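User: I should like to go through the reasoning behind the structural assignments in this model. Please set each value against its criterion.

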Amino acid sequence: MSTHAERTLTSADGTNVFVKSAGDSSKPAIVFLHGLSSSTLAWDSQFADQDLLRDFHLVRYDLRGHGRSGKPLDPSAYESVRFAEDFKAVCDGLGLERPFLAGWSLGGAVVVDIVAAYGPSYLSGILYIGGGVLSLTAYHPQYATEHIGKLISLFLSTDPDDVSRAAESFVDSCTAPGNPLPYAEGAKWLGLFVSQPRTARVNSFTRTQPYGVWEREARGLPVLIVQGAQDLQCTHEIMIRLAKGVYDDVEVRIIEGCGHCPAVESPAETNRYIREWTEIVIARQHAI
């Protein structure tokens with residue numbers, strides 16, 4: 001029987017972490033992490049999918065600096081180990097062992113933090129669901145689009161008018177051209193962006209990561225990339241090539257007519273890919 005719950009946990013440095021869970025807690029866990037200036041709301045369509053709820057323990061939480069989690073302003077609160085500790089606090093608090101991590105955009109970068117702090121065996125596999133940020137420090141700049149490059153100056157600006165312009169342009173670029181979010185949904189995303197402290201947003205995407213440890217140790221983790229073909233934020237051909245250079249086992253699913261947010265734009269297809277791939281990996285791991 002599927003149950004939905006929410007709670008606030010405390011990370012190692014005292015930062016609150018807002019968590020939502022659903023599905024069957026006796027089943028394998030998938031932890032879903034959202035992108036920049038977003039929240040757990042990004043995964044609503046996955047947490048409403050009856051097949052996923054039946055077959056998995058679904059967990060999502062707001063990254064520090066986002067949503068209903070704590071928003072510290074000190075740059076030291078955004079060091080790599082802090083993101084790993086948040087993930088561990090969620091795993092410990094919900095009793096998760098070797099979960100899968102599904103990251104949208106910025107959420108994918110947390111893989112680097114986890115592997116550096118706890119090793120690759122802490123995870124069962126990785127799902128990059130839309131414009132996956134492989135590593136903030138060395139990889140993402142190689143495939144971020146020109147559009148994102150132009151937005152960074154607005155992200156860094158202290159002018160309130162720039163924040164408004166950045167929010168609109170950023171949210172518009174999250175979906176495929178000609179396929180905007182419904183007005184009410186877009187308004188939620190704009191609200192999340194403009195309500196986030198500038199310092200928290202900047203610290204979230206300018207932080208450094210110990211990507212060398214991840215490069216050396218993460219090779220054996222199985223990976224699924226679900227990617228929109230019309231992503232305005234990610235040059236996905238380069239991202240996929242770089243991912244295959246780090247990981248030995250990478251499967252790719254391209255969704256035509258979809259932009260940066262497959263989980264929102266093409267939820268049925270995305271959910272099917274998540275379920276099918278994860279079940280195959282679990283069966284393979286059990287056979288060992």
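Analyst: In this predicted model, tyrosine 128 stands opposite isoleucine 225 in strand E7.

User: What makes E6 and E7 paired strands?

Analyst: Pairing requires at least two bridges between two strands. Four bridges join E6 (residues 125-129) to E7 (residues 222-228), and the two run parallel. The criterion is therefore met. Within this pairing, isoleucine 126 has valine 223 of E7 as its bridge partner.

User: How do you know that E7 also pairs with E8?

Analyst: E7 and E8 are joined in the parallel sense over seven bridges, and at least two are required. Isoleucine 225 stands opposite valine 252 in E8. Between these strands the chain passes from E7 through helix H10 (residues 236-246) to E8.

User: Why is this β-α-β crossover called right-handed?

Analyst: The term applies because the path from the first strand over the helix to the second runs clockwise when the strands point away from the viewer. The crossover from E7 through H10 to E8 is assigned as right-handed.

User: How do you know that E7 is largely enclosed by the rest of the structure?

Analyst: The cut-off for a buried residue is under 20% relative accessible area. Seven of the seven residues of E7 are buried, so the strand is largely enclosed. Pro222, Leu224, Val226 and Gly228 point one way from E7, while Val223, Ile225 and Gln227 point the other way, and all are buried.

User: What lies across E7?

Analyst: Helix H12 (residues 267-287) lies across E7, as well as strand E3 (29-33), strand E5 (100-103), E6 and E8. The helix runs at about 170 degrees to E7.

User: Why are the buried residues of H10 said to line one face of the helix?

Analyst: The buried residues of H10 are His236, Met239, Ile240, Leu242, Ala243 and Val246. Viewed down the helix axis, they fall within an arc of 165 degrees, so they line one face. On the other side of H10, Glu237 and Arg241 are exposed. The elements covering the buried residues include helix H4 (140-143), helix H9 (211-217), E7 and E8.

User: What makes the sheet open, and why are E1 and E8 called its edges?

Analyst: Eight strands form the open sheet in the order E1-E2-E4-E3-E5-E6-E7-E8, with mixed pairing. Strand E1 (5-10) and strand E8 (249-255) each have a single partner strand, so one side of each is left without a neighbour in the sheet. From one strand to the next, the twist averages 20 degrees.

User: How do you know that E1 and E2 are partners?

Analyst: Six bridges join E1 to strand E2 (residues 16-23), and the strands run antiparallel. At least two bridges are needed, so the two strands count as paired. Alanine 5 has serine 21 in E2 as its bridge partner. E1 and E2 form a hairpin with five residues between them, and glycine 14 in the turn has a positive phi of about 95 degrees.

User: Why is the contact between glutamate 6 and arginine 68 called a salt bridge?

Analyst: The closest N and O atoms of glutamate 6 and arginine 68 are 3.9 Å apart. The criterion is a distance within 4 Å, so the pair qualifies. Glutamate 6 lies in strand E1 and arginine 68 in the loop between strand E4 (57-61) and helix H2 (80-94), 62 residues apart. Glutamate 6 is partly exposed, with a relative accessible area of 47%.

User: What makes arginine 275 buried but its salt-bridge partner aspartate 51 partly exposed?

Analyst: Arginine 275 has a relative accessible area of 16%, and the limit for buried is under 20%, so arginine 275 is buried. Aspartate 51, at 28%, is partly exposed because its value falls between the 20% and 50% limits. Their side chains meet at 3.8 Å, N to O, in a salt bridge. The pair links arginine 275 in helix H12 with aspartate 51 in helix H1 (residues 50-55), 224 residues apart.

User: How do you know that lysine 188 and glutamate 185 form a salt bridge within one helix?

Analyst: Their side chains meet at 3.8 Å, N to O, and the cut-off is within 4 Å. Both residues lie in helix H7 (residues 183-195), three residues apart, about one turn of the helix. Lysine 188 counts as partly exposed at 43% relative accessibility, as does glutamate 185 at 22%. Elsewhere, salt bridges that share partners join Asp51, Arg54, Asp55 and Arg275 into one network. The whole structure contains 18 salt bridges.

Terms used
Residues numbered from 1 in each chain as written. Predicted model: local features only at pLDDT ≥ 70, side-chain atom pairs only at ≥ 80, totals over all residues. Heavy atoms only, no water. Axes fitted to C-alpha atoms, helices over the stretch in contact; angles between N-to-C directions. Contact = heavy atoms within 4.5 Å. Buried < 20%, exposed > 50% of the residue type's maximum accessible area, 1.4 Å probe, protein only. Arc of directions from axis to C-beta.
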